[in-house]
Amino acid sequence: MTGRIVVVGASIAGLTVAETLRQEGFAGEIVLVGDEPHLPYTRPPLSKQILMGEWEPADAAIRTAAELDGLDIQVRTGCTAIGLDVAARTVHTTDGALAYDEVVIATGTEPRRHPTLPGALMLRTMDDAVALRQRLRSARRVAVVGSGILGSEIASAARKHDADTLLIGRSGALGFGGVGTLLSKELIRLHEEHGVELALHTEIESMDASASGTSHLRLVGGGERAADLVVAMIGGSPRVAWLSGAGLDLADGVVCDVVGRAVPGVWAVGDVAAWTDPATGAPRRIEHQSYAIEQALSVALRLAHGAESPAPVPLFWSEIHGTRIQSYGWFDTTRPLADITGDDDARGRLYGSHDDDGELRGVVGWNATPRAFRAARAAIHIPAAPITAAL
Ligand SMILES: Cc1cc2nc3c(=O)[nH]c(=O)nc-3n(C[C@H](O)[C@H](O)[C@H](O)COP(=O)(O)OP(=O)(O)OC[C@H]3O[C@@H](n4cnc5c(N)ncnc54)[C@H](O)[C@@H]3O)c2cc1C
């Protein structure tokens with residue numbers, strides 16, 4: 001096809017759509033609209049190499065301006081989409097209206113502000129990461145609020161900076177992406193071995209900051225903790241406010257069919273997109289970088305020449321206190337993982353999630369060698385997806 005494709009959101013998902021379109025021979029105009037001042041960069045290093053001080057911001061850039069020019073992609077940084085008119089096929093932005101033939105929404109998520117910690121730092125963007133790293137360099141006592149994976153990663157970075165670190169969670173367990181809390185015991189042990197103090201089942205009533213820079217966290221049910229840096233990571237919300245009134249289903253992100261189409265001419269990919277899961281028939285949002293890339297590839301192939309591509313499989317990785325944890329596939333979070341390491345545990349530990357028929361549907365590698373994790377991945381059962389759809 002030719003014409004103009006507008007991609008809103010200039011991060012990993014949006015950029016992957018734009019460059020794949022070009023690589024697949026799309027000869028029309030491609031406009032990539034992003035509200036951040038930076039060219040696209042990758043977010044996983046923000047809570048790892050950037051926070052630890054191992055990388056500088058430029059190391060996380062995905063493409064240079066020259067590479068984007070070479071692909072003939074018009075990148076509009078610092079430009080915010082403020083509305084979508086589906087009938088008129090127009091995106092309204094802070095720099096004016098953009099007509100499109102097809103639009104791809106890739107606006108990601110934004111962190112939820114903790115209701116009783118308005119002054120706590122959060123982490124989503126490069127600017128957040130640079131500001132947090134600066135504070136970590138001098139903080140002696142760090143309180144991280146949030147029992148998800150980013151809470152764990154930030155606690156790990158704080159220990160690397162030698163700070164006394166307290167990880168506070170409202171629930172009694174620690175989560176790991178799509179694996180839910182199935183790895184909680186292992187994660188708690190890992191934090192304790194590295195000197196992180198855990199306060200689970202703990203809610204915060206209020207926070208007072210003193211002139212000295214120390215914050216006092218008052219806990220529900222009594223007790224107080226002091227910290228000179230408080231970070232709150234309690235999950236994200238899809239960035240869909242700009243789409244209100246567009247007539248899309250925005251129940252949790254942009255609800256799409258099994259191939260990422262919201263309505264004719266409108267597609268969504270990445271963290272903002274809730275593609276219908278072919279296995280369950282229900283929309284599901286997954287916040288993993290490689291899943292965002294696979295969705296982007298799939299939509300770009302479809303737009304470029306109507307090609308089908310396999311349904312994406314969620315893949316997630318993290319590094320906490322130097323331990324590499326990876327997950328691949330789908331997890332039944334209501335039953336425990338099975339230890340599938342086998343005889344050779346020098347290759348790291350492997351855990352599996354099985355469905356009702358005993359089929360392996362998801363695997364976790366805990367410091368697993370690349371070879372062992374690859375072999376475990378290859379053994380999982382991937383359901384055939386009904387992915388045929390006409391443009
Ligand atoms: C600190 C951190 C660490 C992570 N670590 C891992 C990891 O180890 N492994 C992993 O698999 N995943 C990780 N993730 C998740 C991963 O980064 C996301 O899944 C991925 O970034 C999703 O890409 P995306 O392009 O869909 O959304 P995003 O990366 O959120 O990009 C959306 C872009 O759209 C822009 N935007 C939003 N609204 C508008 C608008 N109205 N107009 C214009 N632009 C707009 C945003 O500013 C942003 O630049 C991490 C995320 C964070 C924040």
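**Entry 1: His 321 and its hairpin**

I began with His 321, which counts as partly exposed because it has 18 C-beta neighbours inside 10 Å, whereas 20 or more would have made a residue buried. The model I am reading is a predicted one. I found His 321 in the loop between β22 and β23, and I noted that its phi is near 50 degrees, a positive value in a residue other than glycine. I wrote beside this that most residues other than glycine have a negative phi. The two strands on either side of that loop, β22 and β23 (residues 323-329), pair in the antiparallel sense over 6 bridges. I picked out one pair in this ladder, in which Phe 316 has Ser 327 of β23 as its bridge partner.

**Entry 2: the sheet that holds this hairpin**

I then asked in what order the strands of this open sheet of 5 strands follow one another. Reading across, I get β22-β23-β26-β25-β24, with antiparallel pairing. The edges are formed by β22 and by β24 (338-339), each of which pairs on one side only. Helix α8 (residues 370-378) packs on this sheet and touches β23, β25 (349-354) and β26 (360-366); the direction of α8 makes about 170 degrees with that of β26.

**Entry 3: the sheet of 6 strands**

Next I looked up another open sheet, whose 6 strands have the order β3-β2-β1-β7-β19-β18 and whose pairing is mixed. Its edge strands are β3 (73-76) and β18 (261-263), each pairing on one side only. On average, neighbouring strands of this sheet are turned by 20 degrees against each other, direction ignored. Helix α1 packs on the sheet, where it touches β1 (4-8), β2 (29-33), β3 and β7 (102-105), and the direction of α1 makes about 170 degrees with that of β2. At the β18 edge I noted that β18 and β19 (residues 266-268) pair in the antiparallel sense over 2 bridges, with Trp 267 in β19 as the bridge partner of Arg 261.

**Entry 4: α1 against α7**

I followed α1 (residues 12-23) to helix α7 (residues 289-305), and found that the two pack at an angle of about 30 degrees with their axes 8 Å apart. The crossing of α1 past α7 is right-handed. Among the residues making the contact are Ile 12, Thr 16 and Val 17 of α1, and Ala 292, Gln 295, Ala 296 and Val 299 of α7. What kinds of residue make up the contact of α1 with α7? I count them as they divide, into 13 nonpolar, 4 polar and no charged.

**Entry 5: α7 itself**

α7 has 17 residues and reaches 25 Å from its first C-alpha to its last, close to the 24 Å expected at 1.5 Å a residue. Is α7 mostly covered or mostly open? I find it mostly covered, with 12 of its 17 residues buried, including Tyr 291, Glu 294, Gln 295, Ser 298 and Arg 302. The cover over the buried residues includes β1, α1, β7, β19, β20 (273-276) and β22 (315-320). After α7 comes Gly 306, whose phi is positive, near 65 degrees.

**Entry 6: Gly 260**

I looked up Gly 260 in the loop between β17 (254-256) and β18. Why does Gly 260 count as buried? It does so because 27 C-beta neighbours lie inside 10 Å. Leaving out residues up to four places away in sequence, Gly 260 touches Trp 267, Ala 268, Val 269, Ala 273, Trp 275, Gln 295, Ser 298 and Val 299. Gln 295, Ser 298 and Val 299 are also among the buried residues of α7.

**Entry 7: β9 and Val 230**

Strand β9 (residues 141-145) is mostly covered, with 4 of its 5 residues buried. β9 runs parallel to β10 (residues 164-168), joined to it by 5 bridges, and Arg 141 stands opposite Asp 164 in β10. Val 230, in strand β15 (residues 229-232), is buried because it has 26 other C-beta atoms within 10 Å. Its contacts, again leaving out residues up to four places away in sequence, include Ala 143, Val 145 and Met 207. Val 230 and Met 207 are 23 residues apart in sequence and 9.5 Å apart in space, C-alpha to C-alpha.

Conventions:
Residues numbered from 1 in each chain as written. Predicted model: local features only at pLDDT ≥ 70, side-chain atom pairs only at ≥ 80, totals over all residues. Axes fitted to C-alpha atoms, helices over the stretch in contact; angles between N-to-C directions. Left-handed = near helix turned anticlockwise from the far one by under 90°. Contact = placed C-beta atoms within 7 Å. Nonpolar A, V, L, I, M, F, W, Y, C, P; charged D, E, K, R; others polar. Pairing = 2+ DSSP bridges. Expected span 1.5 Å × (residues − 1).
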